[in-house]
Structure formats: C-alpha cells, structure tokens
Amino acid sequence: MGVILYTLLCIEFVARVVIEIRERRATQVRGGLFAVLRVIPLVNDIVPLPENRRDPKENDFSKLHERGHQNYHHSILRNLFKIILAMVAIWFLATQLIRNGLPLWVAILWLHLVAIPFRVIFNLYCWNQEYEADKYAYKELGKTKSKAAFRELAECEIPYTKLFAALYREHPTALQRKKKLLL
C-alpha cells in the first residue's frame with residue numbers, strides 16, 4: 001500500500017511539473033513562488049492561485065453578472081456542493097483511519113490524491129455557473145457592452161490555458177467565457 005501511495009505522489013509531482021512547464025511556455029508568464037508551491041503535494045491544496053493582476057473595474061456587466069448569480073442561487077448551490085464533497089472527504093478519511101487502520105498522515109495523503117478529480121469536477125461545476133451568470137448579463141446588456149466587459153476582464157486577468165484553469169481555478173478564463181457567450 002505504501003509503495004502505491006508514494007508512486008502516485010511521484011506521478012502527481014511529475015505531472016504538475018510538466019503542466020507547470022507547459023503553462024509557462026504557452027502563456028509566457030513567469031510562475032514565481034506560486035509555481036513552486038503548486039507542484040508540492042498538499043501545499044497546492046492550501047495555497048490559492050491568484051487570478052488577476054489587478055481587480056477589474058466594476059461595470060454594468062459585472063453588476064448584472066452578480067445579479068445572475070443571485071437569481072440562480074449559485075452561492076447556495078455551490079456551498080451545498082462543497083458540503084457534499086466535504087462529507088465524502090470525511091467519510092473517506094474515516095474509512096482510511098478506522099477500517100484500513102492507516103496512520104493519519106497516510107490517510108491525508110490518500111485523501112489528497114483522491115480529491116484531485118473531485119476538485120476538477122467542482123471547478124467545472126463552478127464554470128457552468130459563471131457561464132450562466134454571463135448569459136444573464138449578456139441578455140440584459142447586449143453584445144457590444146459584453147465584449148467591452150470581457151476585454152477589460154482579460155486585461156486584468158493573469159493568462160492561463162484551459163487545462164491549467166480547470167485544475168486550479170473556479171472561474172474559466174475571460175477568453176473562454178467570451179467564446180462560450182458570443183458564439
């Protein structure tokens with residue numbers, strides 16, 4: 001069991017390094033300290049990824065986008081999803097500790113590995129909420145103002161590829177949001 005765990009952690013480390021290098025080459029943006037922290041198992045669960053170089057200016061699109069989140073009850077649904085995932089994580093951790101008799105630190109490492117696909121699923125769920133709120137704002141404002149809002153958001157945002165964003169972000173990139181909305 002220990003050999004499998006260590007092998008999977010090594011594979012995760014190598015995969016994260018490869019993804020980090022791919023990201024740096026694709027975006028030509030330096031990763032800095034965050035790049036180092038993202039490749040270390042468990043640390044990447046704790047250290048949040050910065051999404052913006054600066055905060056975007058509040059505009060009509062962003063106000064309507066937030067109103068869309070409220071109208072569709074996204075915060076409640078997102079928190080409910082988090083609670084469900086937390087309950088699954090607690091169940092998994094308890095199973096590892098009680099039924100399998102693993103030490104706490106080993107059980108936490110297993111939880112970290114098992115949580116990776118669930119984190120991606122959660123991020124993609126959040127992306128759908130973002131697309132839905134964007135569509136709400138777009139219907140109210142129209143194409144011209146929506147394009148201007150996405151242009152402003154793209155200028156403020158640190159550029160990420162789709163794969164990288166799916167692994168680390170709860171928001172799709174501005175380019176993805178614009179493509180999805182304006183097709």
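## A buried arginine in H2

A residue counts as buried when its relative accessible area is under 20%. In this predicted model, Arg-38 comes in at 6% relative accessibility, so this arginine is buried. You'll find Arg-38 in helix H2.

What is Arg-38 in contact with, once its neighbours within four places in sequence are left aside? The list runs to Arg-16, Glu-20, Arg-24, Gly-31, Asn-44, Leu-49, Phe-164 and Tyr-168.

## The chain as a whole

Zooming out, we have nine helices and zero strands, so to speak an α-α-α-α-α-α-α-α-α pattern when you read along the sequence. The C-alpha trace spans about 60 × 35 × 25 Å along its principal axes.

There are 183 residues, and 37% of them count as buried. Take the contacts between residues at least 6 apart in sequence: 78% of those join residues at least 24 apart. On the outside, the chain exposes about 11200 Å², with carbon and sulfur atoms supplying 66% of that area. As for charge, there are 27 positive and 17 negative side chains, and the centres of the two sets sit 5 Å apart.

## Helix H7 and its buried side

H7 covers residues 143-156, which is 14 residues. From its first C-alpha to its last the helix reaches 20 Å, close to the 20 Å expected at 1.5 Å a residue. Its buried residues are Ser-146, Ala-149, Phe-150, Glu-152, Leu-153 and Cys-156. Why do they belong on the same side of H7? Because they cover an arc of only 160 degrees around the axis.

And what does that buried set pack against? The partners of the buried H7 residues are helix H4 (60-71), helix H6 (104-141) and helix H9 (174-182).

## H9 from its own end

Looking at H9, the buried residues are Ala-174, Gln-176, Arg-177, Leu-181 and Leu-182. They pack against H4, H6 and H7, and also against helix H8 (162-168).

## An exposed arginine beside the end of H7

Arg-53 makes a handy contrast with the arginine in H2. This residue belongs to the loop between helix H3 (43-46) and H4. Is Arg-53 buried or exposed? Its relative accessible area is 54%, so Arg-53 counts as exposed.

Arg-53 still has contacts from elsewhere in the sequence. Setting aside neighbours within four places, it touches Val-29, Glu-155, Cys-156, Glu-157, Ile-158 and Pro-159. Cys-156 is one of the buried residues of H7, and its C-alpha is 5.4 Å from that of Arg-53, although the two residues are 103 apart along the chain.

## Two loop residues with positive phi

If you're scanning backbone torsions, a couple of loop positions are worth a look. Leu-42 has a phi near 75 degrees, which is a positive value in a residue other than glycine. Leu-42 lies in the loop between helix H2 (32-39) and H3. With a relative accessible area of 28%, Leu-42 is partly exposed.

His-73 is the other one: its phi is near 55 degrees, again positive in a residue other than glycine. This histidine sits in the loop between H4 and helix H5 (74-99). His-73 is partly exposed too, at 48% relative accessibility.

Terms used. Residues are numbered from 1 along each chain as its sequence is written. This is a predicted model: local features need pLDDT of at least 70, side-chain atom pairs count only at pLDDT 80 or more; totals for chains, interfaces and linings use all residues. Side-chain values use heavy atoms; hydrogens and water are left out. Helices (H or I, at least four residues) and strands (E, at least two) are DSSP runs, numbered from the N terminus. The expected span of a helix is 1.5 Å times one less than its number of residues. Buried means under 20% relative accessible area, exposed over 50%, partly exposed in between (1.4 Å probe, protein chains only). The arc is that of the directions from the helix axis to the C-beta atoms. Contact means heavy atoms within 4.5 Å. Accessible areas come from the Shrake-Rupley method with a 1.4 Å probe; for residues, only the protein chains shown count as cover. Lys and Arg count as positive and Asp and Glu as negative; His and the chain ends are not counted. The place of a charge is taken as NZ of Lys, CZ of Arg, CG of Asp or CD of Glu.
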